[in-house]
Amino acid sequence: MQGYILHTQKVKDEDLLVFILTQEYLVKSYRFYGARHPNIMLGHKIDFELVENIKFLPHLRNVIHLGFIWQLNRERLLIWQQFMRLVFTHLKDVDEVESVYFAQLENCAQKFEKQNPKRLIIESYVRILEHEGRLHSELECFVCDERISGEICLVRGFLPAHDSCLNQAGFSHEKIEKLFNTKSTTWLDDIDVERLYQILLEGF
């Protein structure tokens with residue numbers, strides 16, 4: 001079985017609770033500490049086995065890291081780990097998941113070395129919102145329910161609003177419309193990307 005480590009939590013001594021996203025499940029497992037065990041790190045993709053335990057969580061065994069070269073780049077790794085925390089917070093209360101979440105992590109991980117990581121994450125975020133039926137591509141203000149024709153403000157979950165309703169700087173209507181329709185950040189400059197990324201960090 002393969003998956004991405006979304007969260008780890010220390011328990012007694014050096015044992016860990018490990019949450020792993022696979023194509024179908026958010027697996028909650030128990031990892032016993034041992035000198036011969038490979039390190040468990042947030043964001044790593046692993047191949048693993050589960051040993052079922054009737055009285056407790058399944059035990060995580062035979063872990064093999066399926067690393068990516070970009071994980072040696074500290075800045076990219078930190079951005080990736082931020083995204084893992086967001087995905088975990090979003091999914092932590094479920095056991096079974098749809099494949100879209102794993103697919104988006106796979107898509108990002110394969111491209112993270114050569115492409116702008118923040119742009120990749122924004123595009124995946126938009127795809128996930130659309131899959132969940134939460135992408136407001138009709139661009140109506142969530143404050144006043146009126147159509148937005150000028151600049152667009154976005155808040156957590158990329159909810160759109162008039163800049164006047166929120167009294168803050170907005171984004172170009174055309175750029176946001178294209179982002180929502182194409183799931184591409186091609187139309188955005190680096191300043192827009194950084195602003196969108198900061199909004200994304202607030203959660204799904």
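This report describes the overall make-up, strand pairing, salt bridges and one charged surface patch of a predicted protein model.

**Overall make-up**

The protein has six helices and seven strands. Their order along the sequence is β-β-β-β-β-α-α-α-β-β-α-α-α. The C-alpha trace spans about 60 × 35 × 25 Å along its principal axes. Of the 204 residues in the protein, 47% are buried.

**Strand pairing around β1**

Strand β1 covers residues 2-10, and it pairs with strand β4 (residues 45-51) in the antiparallel sense over three bridges. Strand β1 also pairs with strand β2 (residues 16-21), again in the antiparallel sense, here over six bridges. Residue Y4 appears in both pairings: its bridge partner in β4 is K45, and its bridge partner in β2 is L21.

Strands β1 and β2 form a hairpin, with five residues between them. In the turn, D13 has a positive phi of about 50 degrees. As background, side chains in a regular strand alternate between the two faces of the sheet.

**Salt bridges**

Side chains of opposite charge can pair when their charged atoms come close. A search of the whole structure gives eight salt bridges. The table lists some of them.

| Acidic residue | Basic residue | N to O distance |
|---|---|---|
| E106 | K45 | 2.9 Å |
| E194 | K118 | 2.7 Å |
| E174 | K178 | 3.3 Å |

K45, the partner of Y4 in β4, also has a side chain that meets the side chain of E106 in a salt bridge. K45 lies in strand β4 and E106 in helix α2 (residues 99-111), so this pair ties together parts that are 61 residues apart in sequence. Is K45 buried or exposed? K45 counts as buried, because its relative accessibility is 8% and the cut-off for buried is under 20%.

The salt bridge between E194 and K118 has its closest N and O atoms 2.7 Å apart. Helix α6 (residues 190-200) holds E194 and helix α3 holds K118, so the pair ties together parts that are 76 residues apart in sequence. The two residues fall into separate accessibility classes: E194 is partly exposed, with a relative accessible area of 31%, while K118 counts as buried at 19% relative accessibility.

Where do E174 and K178 lie? Both are in helix α5 (residues 173-182), and being four residues apart, they are separated by about one helical turn. The closest N and O atoms of their salt bridge are 3.3 Å apart. E174 counts as partly exposed at 49% relative accessibility. K178 is also partly exposed, with a relative accessible area of 29%. Elsewhere, K175, D189 and D192 are joined into one network by salt bridges that share partners.

**A negative patch on the surface**

Which residues gather in a patch of negative charge on the surface? They are E138, E140, D145 and E146. One of them, D145, lies in the loop between α3 (117-131) and β6 (152-155). D145 is exposed, because its relative accessible area is 58% and exposed means over 50%.

**Drawing it together**

Strand β1 has antiparallel partners in β4 and β2. Strand β4 is in turn tied to helix α2 through K45 and E106, and helix α3 is tied to helix α6 through K118 and E194. The loop between α3 and β6 contains D145, a member of the negative patch.

Conventions:
Residues numbered from 1 in each chain as written. Predicted model: local features only at pLDDT ≥ 70, side-chain atom pairs only at ≥ 80, totals over all residues. Heavy atoms only, no water. Patch = residues over 30% accessible without salt bridge, like charges linked within 9 Å, V, L, I, M, F, W, Y side chains within 5 Å. Areas by Shrake-Rupley, 256 points an atom, 1.4 Å probe, with all protein chains shown as cover. Salt bridge = Lys/Arg side-chain N within 4 Å of Asp/Glu carboxyl O. Lys, Arg positive; Asp, Glu negative; His and termini not counted. Charge placed at Lys NZ, Arg CZ, Asp CG, Glu CD. Helix = DSSP H or I, 4+ residues; strand = E, 2+ residues; numbered from the N terminus. Buried < 20%, exposed > 50% of the residue type's maximum accessible area, 1.4 Å probe, protein only. Pairing = 2+ DSSP bridges.
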